[in-house]
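Trainee: I am new to this structure and would like to know what stands behind the words used for it. Can we go through them one at a time?

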Amino acid sequence: MSTKKTIPRVALPPGVRPDTLAVREGLPASAWGENSEALFLSSSFLHPDAATAAARFANEEEAFVYSRFSNPTVMMFERRLAALERTESCVATASGMGAITLLAMSLLKAGDHVVCSQSVFGSTIVLFAREFAKFGVETSFVSQTDLGEWQRALRPETKLLFAETPSNPLTEVCDIAALSAIAHQGGALLAVDNCFCTPALQRPVEFGADLVIHSGTKYLDGQGRVMAGAVCGGQRLLDEKFVPVMRSTGITLSAFNAWVVLKGLETLAIRMRAQSASALELAQWLERQPQVERVFHPGLASHPQHELAMRQQAGCGGAVVSFIVRGQQGGGAELARRNAFHVIDSTQVCSITANLGDTKTTITHPASTSHGRLTEAQRQAAGITQGLVRVAVGLEDLQDLKDDLARGLDSITSQ
Ligand SMILES: Cc1ncc(COP(=O)(O)O)c(C=O)c1O
């Protein structure tokens, strides 16, 4: 795990670039000389004698001990993701929600206060609003893009600001540098969920964020195979606050899942570039469709934070496009929902599933899936209407995706 500073690694020349780190960083200098990262399926690890075991359990000597908190394959994933995020360290978790749970349990106690964007993933809102509230941690939800709201929400007991950028599903972009300044002035830390961009497009610590959250289930894996998560940040903060909580709670990433996601990182950059390029072209095409009321993609000139996104995300909008199907104003929410369902049900290529970040394009109706557990008021605050459809663009031929969406869009008027 991230604390294993002394475990020997295959040395890379100083200054190698991200595409090289993505395929080579983190390999331990193993006695077997394997070229491909090994999968270590072992619950525990041997000690030469009882005294050494005692020293290792007491953290006086670094070694692998027990896979709930230290495993070589998990360590390789942590080292590689930290290198890509440009953070000193990383702690892997069982899922993205596990990473946010670890974040809260490591940093917060009863009486503390959090300021969180109201546009984050649905389960993140539920976790802060409902679950952490049970333990006396209060969360204020604010507009993703109104910096004044973030500033005004600060209290003396505010310990954490939490943002997700671009947000799921409306791709709202927040200014990480401005948020980190607000957090630090208030004596709080800023955590950014970097799931939509990944380090291939955006590295939040370069803009002042303290911690980066990942759902590895998404683009880091990239092929929809396993659940995974991670928290990236400074070595000292993670070692002192996060690793002990990880060890006690067991929100652990399995070695198998770590191996899958580790190999996923090798193709992350080319997938992100290709999928983002297709997403932008699809978004531009959707903007021209008469049955589409509005399209959300940070790469579009019409996106309210287009310039900020281009600066913060290496000139790339990401691979998620959302759009509102016409029908809302005339026929109300019910007609809008029927039309959105019709577009989704008419697809023959896209996968109807709420996951994203897959090489297979996925399509979903956020109001009834990813954000279905929110109250109507929370959904409205997040801008998630019944006519909204989210497409997470994969690697299929773009014309096939346009044809797939056109099937439903073209027949809306004739329903
Ligand atoms: C932006 C974002 N963060 C976190 C999560 C949670 O990740 P996981 O499903 O791996 O727990 C998701 C899941 O969809 C997400 O979209």
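Mentor: Start with one term: a residue is called buried when its relative accessible area is under 20%, and exposed when that area is over 50%. Keep in mind that this is a predicted model.

Trainee: What makes helix H5 largely enclosed by the rest of the structure?

Mentor: In helix H5, residues 122-131, 7 of the 10 residues are buried, so the helix is largely enclosed. The buried ones are Gly-122, Ser-123, Thr-124, Ile-125, Val-126, Leu-127 and Phe-128. They pack against helix H4, strand E2, strand E3, strand E4 and helix H14.

Trainee: How do you know that helix H10 is mostly covered?

Mentor: By the count of buried residues, which is 8 of 11 in helix H10 (residues 255-265). Among them are Ala-258, Val-261, Leu-262 and Leu-265. The buried residues of H10 pack against helix H1, helix H3 and helix H11.

Trainee: Which residues does Phe-77 contact, leaving aside its neighbours within four places in sequence?

Mentor: The contacts of Phe-77 include Ala-258, Val-261, Leu-262 and Leu-265, which are also buried residues of H10. Phe-77 is one of the residues with the most contacts inside the largest nonpolar core, which has 61 residues. Apart from that core lies another, of 30 residues, Leu-127 and Leu-211 among them.

Trainee: Why is Ala-191 called buried?

Mentor: The relative accessible area of Ala-191 is 0%. The cut-off is under 20%, so Ala-191 counts as buried. Ala-191 is found in strand E5, and its contacts beyond four places in sequence include Leu-103, Phe-162 and Leu-211.

Trainee: Why does Thr-364 count as buried?

Mentor: Its relative accessibility is 3%, under the 20% limit, so Thr-364 is buried. Thr-364 lies in strand E11.

Trainee: What makes the pair Thr-364 and Thr-369 a polar contact?

Mentor: Their side chains are joined at 2.8 Å, and a polar contact needs N or O atoms within 3.5 Å, one able to donate a hydrogen and the other to accept it. Thr-364 also touches Ile-344, Leu-388 and Arg-390, among others.

Trainee: Why is Asn-59 called exposed, and what is Arg-86 called?

Mentor: Asn-59 has 61% relative accessibility, which is over 50%, so Asn-59 is exposed. Arg-86 has 41%, between the two limits, and is therefore partly exposed. Asn-59 is in the loop between helix H2 and H3, while Arg-86 is in the loop between H3 and strand E1. Phi is positive in each residue, near 65 degrees for Asn-59 and near 60 degrees for Arg-86.

Trainee: Which residues come nearest to the ligand?

Mentor: Of the 13 residues around the ligand, the nearest are Gly-96, Asp-193, Ser-215, Thr-217 and Lys-218. A backbone N or O atom of Gly-96 is 2.8 Å from a ligand oxygen atom. For a backbone N or O atom of Met-97, the distance to a ligand oxygen atom is 2.9 Å. An N or O atom in the side chain of Lys-218 is 2.8 Å from an oxygen atom of the ligand.

Trainee: How much of the ligand does the protein bury?

Mentor: The ligand taken alone exposes 390 Å², and the protein buries 92% of that. The shell around the ligand has 5 nonpolar, 5 polar and 3 charged residues.

Key. Residues numbered from 1 in each chain as written. Predicted model: local features only at pLDDT ≥ 70, side-chain atom pairs only at ≥ 80, totals over all residues. Heavy atoms only, no water. Near = heavy atom within 4 Å. Areas by Shrake-Rupley, 256 points an atom, 1.4 Å probe, with all protein chains shown as cover. Nonpolar A, V, L, I, M, F, W, Y, C, P; charged D, E, K, R; others polar. Buried < 20%, exposed > 50% of the residue type's maximum accessible area, 1.4 Å probe, protein only. Helix = DSSP H or I, 4+ residues; strand = E, 2+ residues; numbered from the N terminus. Contact = heavy atoms within 4.5 Å. Core = buried A, V, L, I, M, F, W, Y, C linked by side-chain atoms within 4.5 Å.
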